[in-house]
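Here is a short note for someone opening this structure for the first time. Please read the points with the model in view.

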Amino acid sequence: MTALRFAVVGAGAIARAYEAAFQSLKLGRVAAVCDVDANAVAAFAERVGCPGYTSLGDLLAHEDIDAAVVCSPPATHEEISCQLLDAGKHVLCEKP
């Protein structure tokens, strides 16, 4: 069975918990990370070994992902989640 390819959108503190969780998964892997903070993207991408993007549009244009975990600030959840859903991706949106 092929592992699902996930994007992590938001490379802050909560994304670190997902980074750790993905390490133990066999059927899911982080395929890309996206955040408006280029330094956070670069650090996350280097640790995980995946491409990094500072624009969700660029990520969607260049990566073939199955799903995304939205770990961005709550005020951005609706816009990001809707953009991902409109692109046909499954979404797990972190609380609240």
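**Notes on the predicted model**

1. Start with S72. S72 counts as buried, because its relative accessibility is 11%, and the cut-off for buried is under 20%. Bear in mind that this is a predicted model.

2. Where does S72 lie? It sits in the loop between strand 4 and helix 4, the latter covering residues 77-86. Leaving aside residues up to four places away in sequence, S72 touches V9, G10, H77 and I80.

3. Now the sheet. It is open and has five strands, in the order 3-2-1-4-5. The pairing is parallel. Strand 3 (52-53) and strand 5 (90-93) are the edge strands, and each of them pairs on one side only.

4. Look next at one pair of strands. Strand 1 spans residues 4-9 and strand 2 spans residues 28-34. The two run parallel, joined by six bridges. To find the register, take A7: its bridge partner in strand 2 is A32.

5. Helix 2 covers residues 38-48. It lies across strand 1, strand 2 and strand 3. Against strand 2, helix 2 runs at about 155 degrees.

6. How do helix 1 and helix 2 meet? Helix 1 is residues 13-23, and its axis comes within 12 Å of the axis of helix 2. The axes cross at roughly 10 degrees. Helix 1 is therefore roughly parallel to helix 2, since angles under 35 degrees count that way. Helix 1 makes the contact with A15, R16 and E19, and helix 2 with F44, R47 and V48. By class, the contact has three nonpolar, three charged and no polar residues.

7. Which residues of the largest nonpolar core touch the most other members? They are V8, F22, V30, V33, F44, V69 and C71, out of 15 residues in that core. Strand 1, helix 1, strand 2, helix 2 and strand 4 (67-70) are the elements that give two or more residues to this core.

8. V8 is worth selecting on screen. Again leaving out residues up to four places away in sequence, V8 touches A15, V30, A32, V33, C34, F44, V69 and C71. A15 also belongs to the contact of helix 1 with helix 2, as does F44.

9. Another core lies apart from the largest one. It has 13 residues, among them V9, A31, I65 and L84. V9 has come up before: it is one of the residues that S72 touches.

Definitions and conventions
Residues numbered from 1 in each chain as written. Predicted model: local features only at pLDDT ≥ 70, side-chain atom pairs only at ≥ 80, totals over all residues. Heavy atoms only, no water. Pairing = 2+ DSSP bridges. Helix = DSSP H or I, 4+ residues; strand = E, 2+ residues; numbered from the N terminus. Contact = heavy atoms within 4.5 Å. Axes fitted to C-alpha atoms, helices over the stretch in contact; angles between N-to-C directions. Parallel < 35°, antiparallel > 145°, perpendicular 65-115°, else oblique. Nonpolar A, V, L, I, M, F, W, Y, C, P; charged D, E, K, R; others polar. Core = buried A, V, L, I, M, F, W, Y, C linked by side-chain atoms within 4.5 Å. Buried < 20%, exposed > 50% of the residue type's maximum accessible area, 1.4 Å probe, protein only.
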